[in-house]
Amino acid sequence: MPSQKALVRRPSPRLAEGIVTHIEREPVDAGLAVAQWEAYTEVLRAHGWETLEVEPADDCPDSVFVEDTVVVFRNVALITRPGAESRRAETAGVEEAVARLGCSVNWVWEPGTLDGGDILKIGDTVYVGRGGRTNGAGVQQLRAVFEPLGARVVAVPVSKVLHLKSAVTALPDGTVIGHEPLVDNPSLFPRFLPVPEESGAHVVLLGRGKLLMAASAPKTAELFADLGYEPVPVDISEFEKLEGCVTCLSVRLRELYR
């Protein structure tokens, strides 16, 4: 049976100092952020996911965005080299966590940079956003690790948002969704569905047609419901102030066979 495990990491007390690139900085309520994070992890557990807490990295303000630190394909983990130098200390705890799960561990090396938020997996196709945080050498190293395992790696440009998955994610049937003004080239995807709200572009597939998504995208939730899916909204307003979304708060491990 495929796994339903999710790596998560408790917010740092320094969360409000997190990096902001494409939006204006707003005050972040660290206490509310912890409550929202706890509610997010509870939703995962309520839908059959086993949450595994990575050791906190309290000195790393952005460490709650755990998805950026590792990419997993089948049983192979690629520890990233984040494009923001201040985030590179976040990877050590994640490396330990995936090693304990029995993953084969690989690393992105200098001069490569790669953020996990730039990776969108749809079946065996791995889209990688080439932009502010992920460079060409990082894309090449991703190919070298995952193509021998059967992955088809497709590089796509990202210039309008922080990460590829800040712009697009995918529905269970593989349709890519995104808020069109923020997607560099929608025609690169075989099927693309525009959504009416920026935060509506981000979904986590919980299984059985249920979509974990931000509560800030009610019009998009209506659209998904009309398509036969079941939206499961969560309030992540404090993380949205730091360009975070529902995908970057966990690493979903669906292909770990033990």
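A disulfide is taken here as a pair of cysteine sulfur atoms within 2.5 Å. By this criterion the structure, which is a predicted model, holds zero disulfides. The cysteines Cys245 and Cys248 illustrate this result. The cysteine sulfur closest to that of Cys245 belongs to Cys248 and lies 4.1 Å away, which is too far for a bond. The relation is reciprocal, in that the closest cysteine sulfur to that of Cys248 is the one in Cys245, again at 4.1 Å and too far for a bond. With a relative accessibility of 6%, Cys245 counts as buried. Cys248 likewise counts as buried, at 8% relative accessibility.

Helix H2 spans residues 91-100. Within this helix, the residues Thr91, Gly93, Val94, Ala97 and Val98 are buried. Because these residues cover an arc of only 160 degrees around the axis, they are placed on the same side of H2. The packing partners of the buried residues are four strands, namely E1 (5-8), E3 (70-73), E4 (76-79) and E5 (104-107). After H2 comes Gly102, for which phi is positive, near 90 degrees.

Pockets were also examined. The largest pocket encloses about 630 Å³ of space. Its lining comprises 28 residues, and those lying nearest the centre of the pocket are Lys121, Ile122, Lys165, Arg252 and Arg254. Two or more lining residues are contributed by each of the strands E3, E6 (119-122), E9 (168-170), E12 (204-207) and E15 (251-253). Strand E3 thus appears in two settings, as a packing partner of the buried residues of H2 and as a contributor to the lining of the largest pocket. In composition, this lining consists of 15 nonpolar, five polar and eight charged residues.

The second largest pocket has a volume of about 280 Å³. A total of 17 residues line this pocket, and Glu198, His202, Glu240, Glu243 and Gly244 lie nearest its centre. The lining of the second largest pocket divides into eight nonpolar, five polar and four charged residues.

Terms used:
Residues are numbered from 1 along each chain as its sequence is written. This is a predicted model: local features need pLDDT of at least 70, side-chain atom pairs count only at pLDDT 80 or more; totals for chains, interfaces and linings use all residues. Side-chain values use heavy atoms; hydrogens and water are left out. Buried means under 20% relative accessible area, exposed over 50%, partly exposed in between (1.4 Å probe, protein chains only). The arc is that of the directions from the helix axis to the C-beta atoms. Contact means heavy atoms within 4.5 Å. On a 1 Å grid over the protein atoms alone, a cavity is a set of points where a 1.4 Å probe fits but cannot get out, and a pocket is an open set with protein on both sides within 12 Å along at least five of seven lines; lining residues have an atom within 4 Å of a point. Grid points are joined across faces, edges and corners, and a volume is the space filled by probe spheres set on the points. Ala, Val, Leu, Ile, Met, Phe, Trp, Tyr, Cys and Pro count as nonpolar, Asp, Glu, Lys and Arg as charged, and the others, Gly among them, as polar.
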